[in-house]
Amino acid sequence: MTEDQWNAVDRYFNELLVSPDVALDSALAASVAAGLPAINVSPVQGKLLHLLARAIGARNILEIGTLGGYSTIWLARALPEGGRVISLEADAGHAEIARANFTRAGLDDVVEVRLGLALDTLPRLAAEGHEPFDLVFIDADKPNNEAYFDWALRLSHLGSVIVVDNVVRSGDVIDAGSDSPTVQGVRRFLERLAVEPRVTATAIQTVGNKGYDGFAIALVTADS
Ligand code: SAH
Ligand code: DHB
Ligand code: MG
């Protein structure tokens with residue numbers, strides 16, 4: 001099995017199952033043109049997030065890690081009339097590109113980007129008494145995954161879904177002695193997930209044009 005094969009299958013699924021979309025395509029093009037790293041979710045992964053959000057009837061979505069807003073647009077497109085996404089981003093340049101992408105997508109009234117370190121903006125969200133989020137997508141700096149998961153739980157309700165990206169990292173996740181803060185952050189989060197009584201969770205490995213990686217998915221089974 002080679003990476004070429006994974007990519008070819010991803011292209012095949014993408015062409016068959018993911019309709020071309022001007023807003024998503026131009027968001028990616030603008031992100032590339034602005035020199036943003038190409039670490040957005042893939043089209044089939046974006047559609048998975050979109051389907052999860054629709055399946056649970058999500059109206060309020062929180063994203064941690066906006067980049068150029070590609071995953072954000074997938075999530076925003078899942079919302080009913082009046083639904084909202086709040087996306088947290090630490091990099092002012094990324095936030096600026098993302099906001100322009102949301103404007104082009106006609107999503108100015110749907111998506112709000114909050115600029116700042118997520119560990120600063122999350123407590124502010126909580127202090128505002130924001131309505132609980134139905135779905136939280138965690139996709140920022142991995143060393144803070146466990147802290148983000150804590151905030152996600154605090155800002156969720158019974159039945160909320162929490163999705164965490166990049167939990168496999170080419171298989172490095174099983175290297176307990178890894179000196180990578182990213183791998184150690186992912187491991188601390190997973191070990192916490194395993195013992196957290198308020199959720200039931202799983203993790204799946206994925207291959208394709210994001211290489212070899214994966215998602216953790218948790219369902220909140222008790223009120224936080
Ligand atoms: N969800 C996006 C990809 C996000 S990439 C998509 O799939 O399209 C990760 C993003 O998290 C980057 O834009 C990075 O600037 C941001 N980030 C990193 N550390 C952060 C922090 N402490 N708080 C908020 N955002 C952070
Ligand atoms: C990286 C970050 C991501 O969120 C991702 O999906 C892929 C790669 C990174 O920082 O390398
Ligand atoms: Mg990611």
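**Exercise 1. Find Thr206 in this predicted model and decide: is Thr206 buried or exposed?**

Step 1. Start with the secondary structure: Thr206 belongs to strand S6, which covers residues 199–208.

Step 2. Now take the accessibility. The value for Thr206 is 16%, and the cut-off for "buried" is under 20%. Thr206 therefore counts as buried.

Step 3. Look at what surrounds this residue. Leaving out residues up to four places away in sequence, Thr206 touches Gln45, Gly211, Tyr212, Asp213, Gly214 and Phe215.

**Exercise 2. Work out which strands pair with S5, and in which sense.**

Step 1. Begin with S4: S4 and S5 are parallel and share four bridges. Within this pair, Ile162 of S5 sits opposite Val136.

Step 2. Trace the connection. S4, helix H7 (residues 145–154) and S5 together form a β-α-β unit, and this unit is right-handed.

Step 3. Turn to strand S7 (residues 211–220). S7 runs antiparallel to S5, and five bridges join the two. Here Ile162 has Ala218 as its bridge partner.

**Exercise 3. Explain why S5 is described as largely enclosed by the rest of the structure.**

Step 1. Check one side of the strand and then the other: Val161, Val163 and Asp165 are buried on one side, and Ile162 and Val164 are buried on the other.

Step 2. Put the two sides together. Five of the five residues of S5 are buried, so the strand is largely enclosed.

**Exercise 4. Describe the largest nonpolar core and its best-connected members.**

Step 1. This core holds 30 residues, and those touching the most other members are Ile61, Leu107, Val111 and Phe137.

Step 2. Ask where the members come from. At least two residues each are supplied by H2, H3, H4 and H5 and by S3, S4 and S5. H4 gives the largest share, with five residues.

Step 3. Zoom in on Ile61. Beyond its neighbours within four places in sequence, Ile61 contacts Ala53, Leu75, Leu79, Arg84, Val85, Ile86, Phe133 and Leu135.

Step 4. Look for a separate core too: another one has 28 residues, including Ala118, Tyr148, Phe149 and Val168.

**Exercise 5. List the residues around ligand 2 and find some polar contacts.**

Step 1. The surrounding residues are Ile39, Asp139, Lys142, Asp165, Asn166, Arg169 and Lys210.

Step 2. Check the backbone: an N or O backbone atom of Ile39 is 3.2 Å from an oxygen atom of the ligand.

Step 3. Check the side chains. Lys142 has a side-chain N or O atom 3.1 Å from a ligand oxygen atom, and a polar side-chain atom of Asp165 also lies 3.1 Å from an oxygen atom of ligand 2.

Notes. Residues are numbered from 1 along each chain as its sequence is written. Chains are lettered from A and ligands numbered from 1 in the order in which they are written. This is a predicted model: local features need pLDDT of at least 70, side-chain atom pairs count only at pLDDT 80 or more; totals for chains, interfaces and linings use all residues. Side-chain values use heavy atoms; hydrogens and water are left out. A nonpolar core is a set of buried Ala, Val, Leu, Ile, Met, Phe, Trp, Tyr and Cys residues joined through side-chain atoms within 4.5 Å. Buried means under 20% relative accessible area, exposed over 50%, partly exposed in between (1.4 Å probe, protein chains only). Contact means heavy atoms within 4.5 Å. Two strands pair if DSSP finds at least two bridges between them. A crossover is right-handed if, with the strands pointing away from the viewer, the path from the first strand over the helix to the second runs clockwise. A residue is near a molecule or strand if one of its heavy atoms lies within 4 Å of it. A polar contact is a pair of N or O atoms within 3.5 Å; within protein, one must be able to donate a hydrogen and the other to accept it, and residues adjacent in sequence count only if both atoms are side-chain atoms.
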